Structure formats: structure tokens, C-alpha cells
Amino acid sequence: MTVRSRFRGRLALLLLLSAAVVSFYFALTFGSANTEWGAVLETIKSGSATFDHTIVMKLRLPRAASAFVVGGMLALAGALMQVLLRNPLADPYVLGISGGAAVAALLAMLLGWQSGLISIAAAGGAMLSMILVFTLARGRGDWSSTRLLLTGVVLASGWGAGISFILAVSPSSHLYSMLFWMMGDFSDSGPGYIRPIFLASSLATMMLFARNLNLLSNGELRAQSLGVNTLALRIGIYLVASLLTAIAVTLAGTIGFVGLVVPHMVRLIVGSDHRIVLPAATLLGGTLLVFAETIARTILAPRMLPVGVITAFIGVPLFLYLLRRRAK
Amino acid sequence: MTSLETKQLTIEIGDVSVCRNLSVNFKSGEVWSVLGKNGVGKSTLLHSLAGLQHVASGNILLGDIPLKDISLKKRAQTIGILFQEQDPSFPGTVLETTLTGRHPWLSLFEGEGENDFELATQALKQLDLDGMEQRALGSLSGGEQRRVDIAALLLQQPQIVLLDEPVNHLDLHYQIDVIGNLVETWRNKGGIVIMVMHDVNLAMRFSDHLLLLFGNGETYHGHTEDLAMEEVFSRLYGHPLRRYPANGKHFFVPL
């Protein structure tokens, strides 16, 4: 019985890993200029600066890699936030981190800053929001889920008003890039080793505490009675989830849906043991976003669609299907 | 031999004084029932004894060591608590929930081993839950969920068990059988049972000691037979009760 459920978890992870590989195959071969897989492999091996090589290595691979990392980060952050806030509606953006990033990024755009500086501004806004929620939610040592959630939600709606204000006063020439930034966009993604390493180490750290996460999701007192230092654990989750969100938002804007729904999809498939849920969500989030990114740049090529639109178009029916199947 | 002791313990919640300067020694092999009206803080007292609740003043000692100086892990290996309700945000299966009881005994890098699964299988069988291992917790009835919690408590193997209204949701048969067994097992192996009870007669049946909370900070504690008097219980519940002898024990009937 037990062997069977463990086997199921590992099988699911293996399948998700294969899906991730397939998504990269898809991302590297499809585009405005279709490239055969053989040619893709050839260019990777040869390393010569042909036209195909430039497209695959300079355009598609970095975008696919960024999409995978961002999707993984958002899904992992979403799963963590849902445990932290004990609320299935929680997502990486619920505590206002993305709102802070967006306000700062839009201000930077309004001031005509370059894209590198826009990213730095977004990171700064995310950090500011993170620190605000953390300190405001902590009254008299109490750091309850409800208080944290309310603080974050109120702050997020404040940022929302800020975004509307900036959009209203911005010259129309800026509006398109602003909207596109907010809907999610990989157009200026460098390769960067730090982000994948941060994702991997966040996942590894949280995996060590996955059993504690299971206990925490059964209730804080219950977890304490079984020896979990819940305050330290919750602060740890908050920091990791917030940093993941901040990095993802800085890199790609606020891509919706992945962080909310992927953790639920995973729970519907593999159950609620976070030792499986966390790696599975990371893999599925990454895979989904690689597919979405490929579709976003090919389906109406040469026009590019916002990735967030595609994630929702794929995710909504998939999720509803899983939910119905489970309900039977 | 284990012991749990309170020294000059004062607990308050809002305006309610749960206990004032309570000094009581729970000793190895004893079974205690905590009785009192609704809202006098019986659960709060239980949570305090488990170290889960801030106390206004005084000390709780496990052996000779203040509870707050004991590591969370060690504390969880020694003291286990059965909560009144389950409120999982992402409910697991019956087996997963049962195995949570092993948490205090596993290191950070360890998963549950064969031995833990063996213990879980035994506990679930003992509680008539075998065959339900893969059921989702949410699909169980209240009584079944309760028995899953009890199974987890058995896996935790604490010397001291604190039970918050253990018979809630349970059928008559399980009330007597499951709780009776648990109480006897702990009594025989020299553990300590402290339980919050609503039913005076079940308390009379299972426990050898009583702790009565009057809701104004006043408390009585001692041997069951010494405290089981009509006037004491009538005052405790604010309702007249009459005592009848039966099977060598006393039973109470409200008038």
C-alpha cells in the first residue's frame, strides 16, 4: 500500500521530467523559422555561428530557460504561499510583492529608464513590499495567517491603485510596453546562472522541511505539538516564497495563473504530501510556461502574445478537467 | 518515571481566569479528568500543559525541568495531545495523517521507514481503520477522523497524553473501547493521561483523579472518590446533580 503510493509519486515526477524535456524540444524547434530537431542538435554540437545556431542558442534557448525558471519559481512560490496562509486561493502575488514590483517598474518606464534599470527598480519595489508586509503583519509578536493575508491583500490593492494612477497619467507612447510588462514578457532575458541556482537551492531547502510543511498545513498548534517551530518555519517560507516571486516578477513581469493553479493541479494528481508536491509543482510550472512561451511567440507570429494569456488559456480547461475528474 | 507538575500556575484568557496559583503534580500511572462548565478554559489549560500556550505566571515542569527549557522535539516525544477538531488546509490520506505522529522521532533528512509503516498498520487495525489507508481525510466521518487522530497519537508514543474531549464524535462502543483501552494502556505502562471531559460519568469511570475548574480562578484537585460529591459537582456545573452508587463506583444524574 505504502510502497504503491511512493511509487506513484516517483512515477509522477518522472513523467513531469519527461514533459519538461518535451517542452524544450518544442521550444527549440518551433518558431517563425521552423527548425528541424536534427538541425537543432547539429547547431548545438557544431557551435558554428550559422543562422540556425543564432536563432536556437541566442534566442530560443535563453527564452525557454528563462520561462522554465520563472514558471518553476512561480509554482513553487504559490505552493509555499498556500501553506503559509493556509488558504487555497493564495498565489505568489497575493501579498503585494508583484504590485510593489510593478509600481516601481512602471515608474521607471515613465522616467524613460533603460530595461536593465527597470529590472532593478522592479526588484527594489518587490523588496520594499516584502519588508512592509513582514513588519506590518507582525504586531505584538503575533504573526497569524489571517493578519498576514489581510496586510498583504490591503497593500496589494494599494499598489493596484498606484498602477492605475501611473497608467492614467502616462503618455500613450509608454502604455503598450507598460501593459506588456505587466502581462508577462521574456523579451530581455539574459541567461544568468544565479536564477536557476536560486530556484534549485530554494527547492532543496524546502524539501528538507517538506514534512514540516505537511504538519503546518494541518494546523499551527498541531504542528507545534509535534515539535515544529512554526514561527521560524513560517518566516522561512515567507522569505523564500517572496524572494522567488520577486525574482520571477523582475525577470518576466506578472505572469498570472501559474502560481495559483499549478500547485492545485499537482495536488489533484499526486496528493498533498509536499515531498512530492514541491518538486512536481516546480517541474509542471516550468514546463507549462515553456509551452506557453513557445505558443505565445509562434501562434500569431510575427506578433507576440503576452505569455500570461496563454498560461490561462492552457491552464483553465486543464484545471477544470482535473477538478471534475477528481470530483467523481 | 515521568511527572508533569505545575507550580503557582496562573492562566488567563481575556476576562476569564482559568486557574490561579495552581500547583498540582500529575504522577506516573495517573489518569486525570479536567471538568468544568463551557468556557472556563479547559482546553486552554490542556494547551498550556502541552507548552502551546502562553501562561500569565508560574511554571510547568516536566520531570524537574521547566517545559519552556525543553527542546520542541524532546517535548513532542514526551507529550502528545489529541485536539478537538481537525482543520487541514490540504488534507492528506488516512495513512499520511497517521504517520504525522512519527515526526518527532525522525531527523530532518529521514523519511518514514518500514518500522513506522508497521506501527501505522497496527494502529489503524487497532482502531478499525484498516483498509482505509488511502482514503482522503475529508471523506471520513467525524468519528473516523477522530480515530485517525488517535492512531497518530499512538504512533507518537508520548509518555504523557493530553486528550481534549476524546469521546467527541465517537459512538458509544468506541467511547468505552478506544478511550478505555488507551487509558488502561497508559496507566499500565506508567504514563500519564490528562483529559478534558464533558461527561461526568465517563470521567468517573476512566479517571482516578479530577481537576475541577470553576471559571473564577478557583480549582479543586484530588482523588476522584474524594471529590465526587453532590455539592461539589452541583456547584461546578451550576445545576443540581444527584449521586447514585453503581458497580462499586458513583454515577451522577442531573435533576
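**In what order do the elements of chain A run from the N terminus on?** In this predicted model, the elements of chain A run α-α-α-α-α-α-α-α-α-α-α-α-α-α from the N terminus on. Counted up, the secondary structure here is 14 helices and zero strands. Try following the chain from its start and ticking off each helix as you meet it.

**Figure 1. Chain A as a whole.** The C-alpha atoms of chain A fill a box of roughly 65 × 55 × 35 Å along the principal axes. A compact globule of 328 residues would have a radius of gyration near 20 Å, and chain A has 20 Å, so the two agree. Of these 328 residues, 49% count as buried. Now look at the contacts between residues with a separation of 6 or more: in chain A, 74% of them join residues 24 or more positions apart.

**Figure 2. Two helices of chain A crossing.** Here we zoom in on helix α4(A), residues 97–110, and helix α7(A), residues 172–183. Their axes come within 10 Å and cross at roughly 155°. Because angles over 145 degrees count as roughly antiparallel, α4(A) is roughly antiparallel to α7(A). The crossing of this pair is right-handed. Which residues of α4(A) meet α7(A)? On the α4(A) side they are A:A102, A:A105, A:L106, A:M109 and A:L110. Their partners in α7(A) are A:H174, A:S177, A:M178, A:W181 and A:M182.

**Figure 3. Chain B as a whole.** Chain B has nine helices and 12 strands. Its C-alpha trace spans about 55 × 40 × 35 Å along the principal axes. For 255 residues, a compact globule would have a radius of gyration near 18 Å; chain B has 18 Å, so it agrees with that expectation. Buried residues make up 44% of chain B. Among its contacts with a separation of 6 or more, 68% are between residues 24 or more positions apart.

**Figure 4. Helix α5 of chain B.** This helix covers residues 142–156, which is 15 residues. From its first C-alpha to its last it reaches 21 Å, close to the 21 Å expected at 1.5 Å a residue. Is α5(B) mostly covered or mostly uncovered? It is mostly covered, with 13 of its 15 residues buried. Just after the helix comes B:Q157, whose phi is positive, near 50°.

**Figure 5. The loop between β7 and α6 of chain B.** B:E165 is found in this loop, between β7 (160–164) and α6 (172–188). Another residue placed here is B:H169. B:E165 is not a glycine, although its phi is positive, about 45°. B:H169, also a residue other than glycine, has a positive phi near 70°. Are they buried or exposed? B:E165 has 20 C-beta neighbours inside 10 Å, so it counts as buried. B:H169 has 17 other C-beta atoms within 10 Å and is therefore partly exposed.

**Figure 6. B:V232 and its neighbours.** Our last close-up visits helix α9 (residues 230–237) of chain B, where B:V232 is found. This valine has 16 C-beta neighbours inside 10 Å, so it counts as partly exposed. Which residues does B:V232 touch, not counting those up to four places away in sequence? The answer is B:Y220 and B:L227. To get a feel for distance, find B:I81 too: B:V232 and B:I81 are 151 residues apart in sequence. In space, their C-alpha atoms are 28 Å apart.

Definitions and conventions
Residues are numbered from 1 along each chain as its sequence is written. Chains are lettered from A and ligands numbered from 1 in the order in which they are written. This is a predicted model: local features need pLDDT of at least 70, side-chain atom pairs count only at pLDDT 80 or more; totals for chains, interfaces and linings use all residues. Helices (H or I, at least four residues) and strands (E, at least two) are DSSP runs, numbered from the N terminus. The radius of gyration is taken over C-alpha atoms; the globule rule is 2.2 Å times the number of residues to the power 0.38. A residue is buried if 20 or more other C-beta atoms lie within 10 Å of its own, exposed if 12 or fewer, and partly exposed in between; C-beta atoms are placed from the backbone. Two residues are in contact if their C-beta atoms, placed from the backbone, lie within 7 Å. The expected span of a helix is 1.5 Å times one less than its number of residues. Axes are lines fitted to C-alpha atoms, for helices over the stretch in contact, and angles run from 0 to 180 degrees between N-to-C directions. Angles under 35 degrees count as roughly parallel, over 145 as roughly antiparallel, 65 to 115 as roughly perpendicular and the rest as oblique. A crossing is left-handed if the near helix is turned anticlockwise from the far one by less than a right angle, and right-handed if clockwise.
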